[in-house]
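Work through the following exercises with the sequence and the model at hand. Attempt each task before reading its solution.

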Amino acid sequence: MNKIYLAAIVTTLAMLGFTYVAMDIKGGLNDDIVNQLAILGAVVLVIATVFVVTKYVRQMQTDKATGDLTEENWDGIGEYMNEMPFGWSVIFLLTIIWGLWYWTAGYPVAAYSQIGEWNEEVAAKNASIAQRAANLTPNEKLHLGKAVFNVQCAPCHGTNGKGQENYQTGDLRAENLNKRALSKKYVEKVIREGSNQLGYAGGMPPMMLQDDADIDAVATYIEGGMKGEQPAQYAVCGSCHGMNGEGMDFVAPSLTAYNVDLVKTLLTSGTKKGEIGTMPREAKILTPLQIELVAAFVANGPATELEE
Amino acid sequence: MFHWLEKRPFFFAVGVFVVIAFAGLVEILPNFAQQSQPTVGTKPYSTLELTGRHVYIKNSCNACHSQLIRPFKSETDRYGSYSKSGEYAYDRPFLWGSKRTGPDLMRVGNYRTTDWHENHMMDPIGTVPGSVMPSYPWMFTNLADVDTAYAEQLTIKSVFKVPYSMGDEKILIPMEDGTSETVEIATTLAGANAAALEEAKLIVADMKNQDVKDMVAAGKIPEIVALIAYLNSLK
């Protein structure tokens, strides 16, 4: 027997023995199928390694340099013209075929697109929401509106819509949405300067009333919640805002309540500059359905307890 | 097959050049596509906003807050539309961040106000119950570094051709609604400080902290004002 084969057998046995001991120490010799597969893999690896190494060591010992050389010759050193192994040729050709498919169809046509997946997901979700929205009861709408309100409005207006207090002064930071309380100062300012913050088409022109006494009377009346005797000059305001201050959809906001039309218009097109900064354009984030839901919730009074 | 090339070093070098240049073209050409240009509606930062951006970087806001909205419905529902590459055209360096301990801030200007930030930077837990964000009271007293921001504006204008208008030169920036706007920077350092102060006055009009208001009235700009200007510009 050749010395090399002897060395191969000894090495194989040593490596298998080492594997066995190592497995045993780590508690790997049990019924677990994963461990059994690992042992099988180790045995195959050991045998294959020793077989391949032995083969090439033998070849180095016995091989004679024969065969055709390529036409290049570098200072007497040549290179054999070996044929490409069959397996390589097959893989090479398959790679070319796959490459042709990938460049013509795989990448441009069938490629994965994250944006595409997003589009599909959003479209599917919107469709299912629209379907559900068609059958909502008014109470369900309020609950859904509350969910939107808590995420998008509550950071400034508070979860009950009463506005959040300033950490230093205790002043309200954002408007209390439970009742529309217009201060006299504010009404006077709007009458004098006009306003187009809520996003109603055209907005309110400045100086609808000219006389200081008239402006004062109307502002006092509106600040008082439109109770008591109505000043005659209010007729100018009433033509758009309604004689009871209830507003007119798409034309002018209500002066007495945050009704659905006011909230929807503001969220869709208005940029309200309040005490604490410009109110965000929620239309950039909310869908029309969400705006409708949150408008219904605000009109209902955010602090009102909802039925289950 | 390649013997002909191997015997002619010049043509071999040309061949190598062509092969490598092709790889270069594949990487370089897409950068000139429309998709890689600044997104319509993206403006470079004004002097005060850029000052605030440095406050943001200095305080490592980007360690906890990302500025990158991924195209997942859960993210676009919460933060607004997903980020496009062209929106970062004037961010040097970009502040994508890699870990969100706090929420994403890519479009925070769309849904928070000056006053909210003021309260939140001073008292995060009082503003958002359960928040883990620390308080940043020193921003209310430290002065913002407008000079550095202005120097950066001059640099990126001349080196990277950022479309700042300066003096008589007006560079129009297209907006989403079809109009165009300009972003002006001053021609002198004193002018830049004055312009930043004008911007700061608009911000403090919505703030409640009397000390900050007094500082701005006295011509000084605390870091918080610059930071809020920056955060409000993120849209």
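**Exercise 1.** Leaving aside neighbours within four places in sequence, determine which residues Leu209(A) is in contact with, and decide whether Leu209(A) is buried or exposed.

*Solution.*
Step 1. Contact means heavy atoms within 4.5 Å. With neighbours within four places in sequence set aside, Leu209(A) is in contact with Ile191(A), Asp214(A), Ile215(A), Val218(A), Gln233(A) and Val236(A).
Step 2. Leu209(A) is placed in the loop between α7 (184-193) and α8 (212-223) of chain A. Helices (H or I, at least four residues) and strands (E, at least two) are DSSP runs, numbered from the N terminus.
Step 3. A residue is buried under 20% relative accessible area, exposed over 50%, and partly exposed in between (1.4 Å probe, protein chains only). Leu209(A) counts as buried because its relative accessibility is 5%.
Step 4. Arg192(A) is 17 residues away from Leu209(A) along the chain, and their C-alpha atoms are separated by 7.6 Å.

The conventions are as follows: this is a predicted model, in which local features need pLDDT of at least 70 and side-chain atom pairs count only at pLDDT 80 or more, while totals for chains, interfaces and linings use all residues. Residues are numbered from 1 along each chain as its sequence is written, chains are lettered from A and ligands numbered from 1 in the order in which they are written, and side-chain values use heavy atoms, with hydrogens and water left out.

**Exercise 2.** Identify the residues that touch the most other members of the largest nonpolar core.

*Solution.*
Step 1. A nonpolar core is a set of buried Ala, Val, Leu, Ile, Met, Phe, Trp, Tyr and Cys residues joined through side-chain atoms within 4.5 Å.
Step 2. The largest such core has 49 residues, of which Ile221(B), Ile224(B) and Val225(B) touch the most other members.
Step 3. Two or more residues each come from α3 (47-58), α7 (146-160), α8, α9 (210-217) and α10 of chain B. The largest share, eight residues, is that of α10(B).
Step 4. Beyond its neighbours within four places in sequence, Val225(B) is in contact with Leu48(B), Ala200(B), Ile203(B), Val204(B), Met207(B), Val212(B) and Val216(B).
Step 5. A second, separate core has 19 residues, including Val148(A), Leu267(A), Ile291(A) and Phe297(A).
Step 6. As a general rule, nonpolar side chains in soluble globular proteins tend to be buried together.

**Exercise 3.** Establish how many residues of helix α5 of chain B are buried, and find what they pack against.

*Solution.*
Step 1. Helix α5(B) spans residues 114-122, and eight of its nine residues are buried. Among them are Trp116(B), His117(B) and Met121(B).
Step 2. These buried residues pack against α6 (154-157) of chain A, and against α6 (124-127), α8 and α10 of chain B.
Step 3. Consider His120(B), which lies in this helix. His120(B) is buried because its relative accessible area is 9%.
Step 4. Apart from neighbours within four places in sequence, His120(B) is in contact with Thr127(B), Val128(B) and Met133(B).

**Exercise 4.** Locate the cis peptide bond that involves Pro93(B), and find which residues Arg53(B) touches.

*Solution.*
Step 1. Arg92(B) and Pro93(B) are joined by a cis peptide bond with omega of about -5°. Pro93(B) is in the loop between α4 (73-79) and α5 of chain B.
Step 2. Arg53(B) belongs to helix α3 of chain B and counts as buried at 2% relative accessibility.
Step 3. Not counting residues up to four places away in sequence, Arg53(B) touches Tyr45(B), Asp91(B), Arg92(B), Pro93(B), Phe94(B), Leu95(B) and Tyr230(B).

**Exercise 5.** State the sign of phi for Asp75(A) and for Lys161(B), and place each residue in its loop.

*Solution.*
Step 1. Most residues other than glycine have a negative phi, and most peptide bonds are trans.
Step 2. Asp75(A), although not a glycine, has a positive phi of about 50°. Asp75(A) lies in the loop between α2 (33-62) and α3 (86-106) of chain A and counts as exposed at 81% relative accessibility.
Step 3. Lys161(B), also not a glycine, has a positive phi of about 55°. Lys161(B) is in the loop between α7 and β1 (165-166) of chain B and is exposed, with a relative accessible area of 63%.
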